[in-house]
Structure formats: structure tokens, C-alpha cells
Amino acid sequence: FARAAGFDGLELRDAARPGLAAVAGAAPTVCPELRGWVGDFDAGRRVQAIDDLRRQLDGIAALGGRGVVTPAAWGMFTRRLPPFADPPRTPEQDREVLLEGLAELGAHAEAAGVVLLLEPLNRYEDHMLNTVAQAVELIAASGAPGVKVLADTYHMNIEEDDLCAALRSAGGALGAVHLSDSNRHQPGTGHVPFAAILATLHEIGFDGALSVECRLRGEPAEAV
């Protein structure tokens, strides 16, 4: 169905599950559900997340794909909603934890011939990593060539002053893009300037994966 609709492939939820040979070559990326986060407050869940991401990296490599998506954390903590408390770690401690995890996973990704795609989320979904520039800086500090940035237009619409300028600033660190409109529905239903974004990606020579990650407004098949 995806092929018939004009897509090249599917972004998976699990690249380590048996029986995926049918999508080999047609699954460029995976955005997995994990048992924890790279930046988890709990050390045990952090170990589980890194183990899960290692398996996903090996899985997407076996399928001939490009990379595995992960945020620093999702839904774990925000400073922007009540009760407006402080997180249990300082920003410096957050950074130390993230750098350690990215270095380890970046080395694994590089050895597997794929990349880890670090996704900044908006301020209401994560307190550690919100902008493309923050992700680029963190990756550079980790010294891990196996880590790239995934820019998501939904989160960028909340956090970036200029979406196209943010994409240009990422340069060679940009590995993939999630396309979703300002309302989290399919492109064209909100106010994200997709024509300008695609022109910018063409301008900078972007050759990574473009995934439409969104809810569908309207009749599903027609929306796709």
C-alpha cells in the first residue's frame, strides 16, 4: 500500500523483531519503543535503553536501512508544565549522561554501518534537548561520527526561530527529517512551510530519510 501511494518504504517501530525479511531494503529507519531512555534518570532503565538501541541498530543494519531514531527522553520530565519543579539532575549531569550514552551508541552504530538519529523534542516533552543546534553541539562534543540529528518539523515549529535556518545550521550532521504539520497531522493541514523546507533540504544537498510521522486527518487511505 505504501509503495502504491508513492512512498519508498516504511519507518518501523521494531527492527529487531523476527520475520521482517519482507521489508529488507524498504525500511530506511526505525523509531522504536524502548524500555527506558538514553537520558533516563534511572540508571537501570538507561542500561536497558542502550541495550535496546544496540539491538535496533543491528536490526536496521541487517535490513539494509540507515538508522535508529531516539530522543534524549520522551515524557520523562518537563519544566514547562505544573508543578514546575526542578529535575533530579543538574543540566551538567544531564549532559554527562547523554554524552556517555551517545559515545557508546555512536561507536556501535558506526561499527554496524548505520547511524543513531538523535531527535530534539519540544519543551513540553523533554527538558534536556529541544533544538537542532543543541543536538548538533551535543553530537560534536560526544565525538561520535555514528550519531546524526533527526529534525522533526512538528517539534521545530514550537522551538526554532526559523525552521529553514535551523536545517541549514545542521550541515552534515543532519541525518533524517520527520515531516509533520503544526497540528501533528499530515503535511498540508497546518502552517509549517513545507515548500520552503524541502527547497532548503535540496539546497544543502540532504540525502537522508524523509519520514512522514503524523496522525492522519480525513479518510486514512486518501490522507496517505
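**Notebook: a walk around helix α5 and beyond**

I began just past α5, where Gly171 takes a positive phi of about 55 degrees. A reminder to myself: this is a predicted model, and I read each value below as computed from it.

**Entry: helix α5**

Next I went back to the other end of the helix. I found that Asp162 caps the N-terminal end of α5. One of its side-chain oxygens sits 3.0 Å from the backbone nitrogen of Cys164.

Which residues of α5 are buried? Within the span 163-170, I listed Leu163, Cys164, Ala166, Leu167 and Ala170. They cover an arc of only 160 degrees around the axis, so they lie on the same side of α5. I noted the textbook background too: an α-helix has 3.6 residues a turn, so residues three or four places apart point the same way.

Then I asked what covers these buried residues of α5. The cover includes α3 (132-142), β4 (147-152), α4, β5 (174-179) and α6 (194-203).

**Entry: His155 in α4**

Since α4 is part of that cover, I looked up a residue in it. His155 lies in this helix, which runs over residues 153-159. Is His155 buried or exposed? Its relative accessibility is 2%, so I put it down as buried. Setting aside neighbours within four places in sequence, I found His155 in contact with Glu119, Pro120, Leu121, Asn122, Glu125 and Arg184.

**Entry: the aromatic pair**

How many aromatic pairs does the structure hold? I found one. Phe41 and Phe77 form it, edge-to-face, at 6.1 Å centre to centre with 70 degrees between the planes. The angle is over 60 degrees, so the pair counts as edge-to-face.

Where do the two rings sit? Phe41 is in the loop between β1 (29-30) and α1 (43-62), and Phe77 is in the loop between β2 (67-70) and α2 (91-112). The pair therefore ties together parts that are 36 residues apart in sequence.

I checked accessibility as well. Phe77 counts as buried at 18%, under the 20% cut-off. Phe41 has a relative accessible area of 27% and is partly exposed.

**Entry: the largest pocket**

Last, I turned to the largest pocket, which holds about 1,400 Å³ of space. It is lined by 45 residues, and the closest to its centre are Glu11, Ser211, Val212, Glu213 and Cys214.

Which element gives the most to this lining? I noted β6, with four residues. β2, α4 and β6 (209-212) each supply at least two residues of the lining, so I met α4 once more here.

Terms used
Residues are numbered from 1 along each chain as its sequence is written. This is a predicted model: local features need pLDDT of at least 70, side-chain atom pairs count only at pLDDT 80 or more; totals for chains, interfaces and linings use all residues. Side-chain values use heavy atoms; hydrogens and water are left out. Buried means under 20% relative accessible area, exposed over 50%, partly exposed in between (1.4 Å probe, protein chains only). Contact means heavy atoms within 4.5 Å. Rings of Phe, Tyr and Trp (its six-membered ring) pair if their centres lie within 6.5 Å; planes under 30 degrees apart count as stacked, over 60 as edge-to-face and the rest as tilted. The arc is that of the directions from the helix axis to the C-beta atoms. A polar contact is a pair of N or O atoms within 3.5 Å; within protein, one must be able to donate a hydrogen and the other to accept it, and residues adjacent in sequence count only if both atoms are side-chain atoms. On a 1 Å grid over the protein atoms alone, a cavity is a set of points where a 1.4 Å probe fits but cannot get out, and a pocket is an open set with protein on both sides within 12 Å along at least five of seven lines; lining residues have an atom within 4 Å of a point. Grid points are joined across faces, edges and corners, and a volume is the space filled by probe spheres set on the points.
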